[in-house]
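Please open the model in a viewer and keep the selection panel at hand. The tour proceeds by short steps, each with something to select and something to look for.

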Amino acid sequence: MKRVYSGIRATGRLHLGNYMGAVKGMLALQETHDCVFSVVDLHAITTPYDPSSLQQNIREVILDFLAAGLDPQKCKLEIQSRVPQHTELAYLLSTIYPVSRLEDLPTYKDKKAQYPKYINMGLLYYPVLMAADVLLYKGELVPVGIDQEPHLEVMREIARKFNSVYGETFPEPQRFKTEGEYVPSLVGSGKMSKTVEGSYINLTDDLETIKSRLAKAPTDSGAIGGNIPQEGGVANLFTLLRLFGGKEMFTKFVQDYHEKKIRYVEMKEVLAEAIYKELQPIQERRKEFEQNPKLVDEILNTSISQCRQVAEETMKEVKEKMGLVS
Ligand code: TYM
């Protein structure tokens with residue numbers, strides 16, 4: 001069975017971008033593949049964070065994973081820092097990868113611009129640790145959004161380099177794409193993101209919250225007509241409608257737009273209902289897990305000890321190949 005790995009940073013509750021770009025892919029793959037899905041806490045600490053809420057943030061992601069339908073009978077759930085082999089492998093892999101290539105990555109440059117006073121080694125090292133995450137389990141498929149493609153490229157380069165220097169060891173991981181690989185922001189430009197206030201809808205939002213978040217999303221006067229724009233607030237609403245509203249609704253509002261009779265209040269109402277319809281069962285399942293913290297701990301403990309075993313096998317092979325053990 002092909003192996004799969006994906007991770008989400010421990011920055012709190014998941015939003016629709018995380019869900020459509022990553023979790024939907026995880027749900028599909030757990031049915032047919034050998035999967036590990038992780039809360040990557042070590043990646044979360046590369047940008048400013050509050051240590052006193054880190055444990056809670058880890059928990060929120062785990063609860064959202066379980067609520068969304070990740071099933072511990074079908075996949076393993078992991079907390080990255082509880083499998084220390086991640087950092088061990090990351091260090092070994094860092095010895096074969098050029099610093100200049102890491103400095104050139106768009107994700108690193110973005111973070112540097114976003115947090116000019118928080119440029120640390122961990123940030124530069126981020127893609128190496130991410131490569132180690134996947135390669136530790138010899139993952140072949142990685143369900144993540146399109147924004148992660150540069151990191152996947154680094155992973156493949158590291159795998160190739162390791163294989164050529166030390167002998168065939170790792171597969172070259174490919175991204176598993178979902179329909180929602182890029183969920184746009186609600187603020188009119190860019191992607192839906194935790195760090196941009198007003199840009200996101202969380203999986204735990206109730207109908208009223210979804211409506212009020214959508215109400216603030218920018219549109220135009222509704223009198224423009226012609227083709228739907230490629231970017232901006234209106235384009236983003238149509239993308240969300242395509243992802244959540246079904247074909248019929250999408251076609252109806254496209255038609256309304258062409259005919260200059262679109263009413264964005266109505267479109268936002270329909271969209272809010274459609275999003276909530278998808279989220280409601282997730283929210284109900286979440287409550288069950290919230291009320292049963294012991295069960296969640298048991299699931300994690302079992303899963304994490306299985307992960308450590310697989311991780312140890314890879315580390316043994318890597319250390320032998322690198323001449324660190326005989
Ligand atoms: P993070 O926490 O930033 O994002 C988690 C996942 O959500 C996806 N995503 C989106 N997809 C579509 N539209 C959006 N607006 C959107 N916003 C976020 C991301 O693509 C990602 O799949 N570096 C990873 C974490 C990580 C990882 C790994 C992933 C660490 N190690 C190993 C896979 C394998 C990240 O940025 O997570």
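Begin by selecting strand 2, residues 34-40. Six of its seven residues are buried, so the strand is largely enclosed by the rest of the structure. Please bear in mind that this is a predicted model.

**The neighbours of strand 2**

Next, add strand 1, which covers residues 3-9. Strand 1 and strand 2 run parallel and are joined by seven bridges. To see one such pairing, select Y5 together with V36, its bridge partner in strand 2.

Now add strand 3, residues 75-79. Strand 3 is also parallel to strand 2, and five bridges join the two. Here the pair to select is F37 and L77, the latter standing opposite F37 in strand 3.

Then display helix 1, residues 16-29. Together with strand 1 and strand 2, helix 1 makes a right-handed β-α-β unit.

**A stop at L42**

Move on to helix 2, residues 41-44, where L42 lies. Is L42 buried or exposed? With a relative accessible area of 24%, L42 counts as partly exposed, because the buried class requires a value under 20%. Select Q80 as well: L42 and Q80 are 38 residues apart in sequence, yet their C-alpha atoms are 6.8 Å apart in space.

**The ligand and its shell**

Select the ligand and display the residues around it. How many residues surround the ligand? There are 27, and the closest are Y126, D133, G145, D147 and V183. By class, this shell comprises 12 nonpolar, 10 polar and five charged residues.

Return to strand 1 with the ligand still shown. Strand 1 gives the most to the shell, with five residues. Helix 1 (16-29) and helix 7 (121-136) each supply at least two residues of the shell, as does strand 1.

**Polar contacts of the ligand**

Three distances may now be displayed in turn.

- Select the side chain of D133: one of its N or O atoms is 2.6 Å from a nitrogen atom of the ligand.
- Select the backbone of V183: a polar atom there is 2.8 Å from a nitrogen atom of the ligand.
- Select the backbone of M192: a polar atom there is 3.0 Å from a nitrogen atom of the ligand.

Finally, show the protein surface around the ligand. On its own, the ligand has 710 Å² of accessible area, and the protein covers 97% of that area.

Notes. Residues numbered from 1 in each chain as written. Predicted model: local features only at pLDDT ≥ 70, side-chain atom pairs only at ≥ 80, totals over all residues. Heavy atoms only, no water. Near = heavy atom within 4 Å. Polar contact = N/O pair within 3.5 Å; in protein donor to acceptor, adjacent residues only side chain to side chain. Areas by Shrake-Rupley, 256 points an atom, 1.4 Å probe, with all protein chains shown as cover. Helix = DSSP H or I, 4+ residues; strand = E, 2+ residues; numbered from the N terminus. Nonpolar A, V, L, I, M, F, W, Y, C, P; charged D, E, K, R; others polar. Buried < 20%, exposed > 50% of the residue type's maximum accessible area, 1.4 Å probe, protein only. Pairing = 2+ DSSP bridges. Right-handed = clockwise from strand over helix to strand, strands pointing away.
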